[in-house]
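User: I'm new to this one and would like to get my bearings. Can we go through it question by question?

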Amino acid sequence: MTIAATEAPISADDTHQLKRSISWTGAFWVASGVPALVLFSIGGIAGTTGTIAAAIWAASMFMGFLQSFVYAEIAGLFPNKSGGASIYGAAAWVRYAKPIAPLSVWCNWFAWSPVLSLGCSIAAAYILNAIAPDAASSVRTWTLASGTLGPVSFSLNSAFFIGVALMLLTFAIQHRGILGTASVQKWIGILVIVPLAIVGIVPLITHGVNWSNFSPFVPLAVAYAPEPGAWNIGGWTLVLGGMFIAAWSTYGFETAVCYTSEFKEPKTDTFKAIFFSGLLCIAFFVIVPFTFQSELGLTGMLATPIVDGSGVAAAMAHMVGGGPIVENALVMLMILALLLCIMTAMAGSSRTLYQGSVDGWLPRYLSHVNHHGAPTSAMWTDLCFNLILLAIACADATSFFFILAVSNCGYIIFNFLNLNSGWIHRIDSGHIERPYKAPTIVIALGAIFAFVNAVFMGAGAKVWNPMALWAGMITAALIIPVFFFRHYVQDKGRFPAKMLEDLGVGEGNETPTRKAGMLPYLTLAAGVAVVLIANAVFKL
C-alpha cells in the first residue's frame, strides 16, 4: 500500500495551534471529572446485576487501569499529537488499512461526546428534583414537544432546557483554551472529589459494612427484579451487560493523554497524567459502588429513581446524613461533579475531532483553532450533535440507556483497535524511542483484554436495548463515506506530510514499514467473529 503526502494546509486558520501550556497536573485535573461518570450508570448496573454490582465495578476498573499502560506507551511515540489514544492507535492501523484509522478516531469521539448530553440530562434531573420534588408537578411534566424516533423517544421538556443552559456554560469555559479549562476544573475538581470521598467513606465509618447486602453472590434472575438468579447463560448475559456498560465509565481516564501536544514536557507528563488519573479512578470506582450497595441493599438499588439515575445524588446524600442542609449541599456538589465530567468530555472529544482533521481523516473545517488555542469548530460540532442527543436523553430512561449503550459500542471498538495497536507499534516501530515502555506482559494482556471487551459488547449490549449492538455498528460505519470524501475528494488520495512524518514514514510517496504481515487483518476478523459469536451464545 502506498501512502502519498501533501503539503497543502488543512486548517482554515493555520496561524493558530494548540499551545503547550500545561503540565501533567493540568491534564490530571481535567481528567478528574471521570470519577463522576459513576453517577451515570451506578443505578442501571445495580438494577441489572444485583448483589454482584460492586464486584463488577471493581473488576472493570482494574481492567481499565492495566489497559492504560498500553495507552501511555503509544502516546509517548507522538509528543506533538493531541486527541488521545485513538489518534495514537490509528497511526498503527493506517499502514494496513486506511479506513481503520478514522474508524478508531470516530468511535472514540462518538463514545465520549454523548457525555455532554447524558451528563446534562442527569444534572437537569437533579436540579428539577431539588426545585420540584413532586414528580407530578407542572414543572416536571411540562414539555414543548415530544415524540418517537425509532427505538427511542424525544422530549423538549424542562430538563432539556436546563441541560441546554449547562451545555452552553461548559462551552463558554472551554472557549478559553486548555489552560483556562484546567484552572477552572482544578477548583471544581477539589469541590467534587471531596464530597465523593465523603459519600464513599463516611457511611462505612458511621454504619459499618452491611455484608448481607452482598449475598447471595449471584446475578439477578431478571433485570430490575429482586429475585436472585444463577450462574447460567441468562445470568452471565446480565453480568457481561454490566461489564459492558461499566467500561464506558471506568476506562474513561485514558482521556488524560488527549493533551500530549499541550504538555510542556510531553515525554514525562504523558505517563504521569494517565497513571495518577488511574489511581484516582481506582479509589472512587471501587469505594463508591461498594458503599452504595452496602447502604441501599438490593431493594433500594432497584428503586425507580435509582435505576433511572434521577435519585442517585439524593440517595448518596441521605447515606451520609446530617439533615436537609447537608444533604442539599451534597446534591449541589454532585451537580458540580456532573459539570466537571461534561467539561472533561468536551475537552477530550473536541481534540479528538481536531487531531483527526489535522491528520487527514476527518473534514478539514474541524482543524480550526481560535486565538486561545481552543479547537472551536470541533467544539461547535460537539455542541450541535449533543443538542439532538439531549432531547432524546431527557425523554425517559430507555432512551437514556440506548444512547449510552450505542456510544459504548463505539468505545469498545476503539479499545479493541487501540489495545491491539500496542503490539503493532512494537513490531513496526520498535526502533523509535519510547519515553515510557510498558512491560511486554502488559502489551500481551492488552491484546487479550481487547477480545474480552469484544465479548462484553457482543453479549452485553442487548441487556440495555435489543437494537443497541446493531445501532452501534451502523453508527461506527458512518465514518467510512466521510473519510472517503475527505481523503479521495478533498485531499486527492494524499495524507498531510506531517502525519506521515509522525509515522516515521518520511515525505513523498514512500511505502510505510509493515512488518506485522497478516496479523492485523486476522485480528480484525477474529474481533468481528468474537462479537457475533458472543451475541449468538449469550441470551436473556
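User: Is Trp211 buried or exposed?
Analyst: Keep in mind that this is a predicted model. The relative accessible area of Trp211 is 57%. Exposed means over 50%, so Trp211 counts as exposed.

User: What kind of aromatic pair do Trp106 and Trp109 form?
Analyst: Both Trp106 and Trp109 are buried. They sit 3 residues apart in helix 5 (residues 100–112), so about one helical turn separates them. Their ring centres are 5.3 Å apart and their planes are at 40 degrees, so the pair is tilted.

User: And which kind do Trp211 and Phe290 form?
Analyst: Trp211 lies in the loop between helix 9 (178–207) and helix 10 (233–250), while Phe290 belongs to helix 11 (residues 266–301), so this pair ties together parts that are 79 residues apart in sequence. From centre to centre the rings are 5.8 Å apart, with 65 degrees between the planes. Planes over 60 degrees apart count as edge-to-face, so the pair of Trp211 and Phe290 is edge-to-face.

User: Which residues make up the aromatic cluster that includes Tyr436?
Analyst: Aromatic pairs come to a count of 28 here. One cluster brings Tyr436 together with several Phe residues. Its members are Phe65, Phe69, Phe275, Phe276 and Tyr436.

User: Which helix gives the largest share of the largest nonpolar core?
Analyst: That core has 163 residues, and those with the most contacts inside it are Phe40, Phe244, Met316 and Trp361. The largest share of this core is 17 residues, and the helix they come from spans residues 397–428. That is helix 16.

User: Which residues does Met316 touch, leaving aside neighbours within four places in sequence?
Analyst: Met316 is one of the residues with the most contacts inside the largest nonpolar core. With those sequence neighbours set aside, its contacts are Leu39, Ile42, Val199, Val288, Phe292 and Met334.

User: Which helix supplies the largest share of the lining of the second largest pocket?
Analyst: This pocket has a volume of about 510 Å³. Of the 24 residues that line it, the closest to its centre are Ala125, Asp308, Ser310, Cys394 and Ala395. Several helices each supply at least two lining residues, among them helix 8 (158–174) and helix 12 (304–307). The largest share is 5 residues, and it comes from helix 6.

User: How many charged residues are in that lining?
Analyst: By class, the lining of the second largest pocket has 12 nonpolar and 9 polar residues. The charged ones number 3.

Note on methods. Residues are numbered from 1 along each chain as its sequence is written. This is a predicted model: local features need pLDDT of at least 70, side-chain atom pairs count only at pLDDT 80 or more; totals for chains, interfaces and linings use all residues. Side-chain values use heavy atoms; hydrogens and water are left out. A nonpolar core is a set of buried Ala, Val, Leu, Ile, Met, Phe, Trp, Tyr and Cys residues joined through side-chain atoms within 4.5 Å. Buried means under 20% relative accessible area, exposed over 50%, partly exposed in between (1.4 Å probe, protein chains only). Helices (H or I, at least four residues) and strands (E, at least two) are DSSP runs, numbered from the N terminus. Contact means heavy atoms within 4.5 Å. On a 1 Å grid over the protein atoms alone, a cavity is a set of points where a 1.4 Å probe fits but cannot get out, and a pocket is an open set with protein on both sides within 12 Å along at least five of seven lines; lining residues have an atom within 4 Å of a point. Grid points are joined across faces, edges and corners, and a volume is the space filled by probe spheres set on the points. Ala, Val, Leu, Ile, Met, Phe, Trp, Tyr, Cys and Pro count as nonpolar, Asp, Glu, Lys and Arg as charged, and the others, Gly among them, as polar. Rings of Phe, Tyr and Trp (its six-membered ring) pair if their centres lie within 6.5 Å; planes under 30 degrees apart count as stacked, over 60 as edge-to-face and the rest as tilted.
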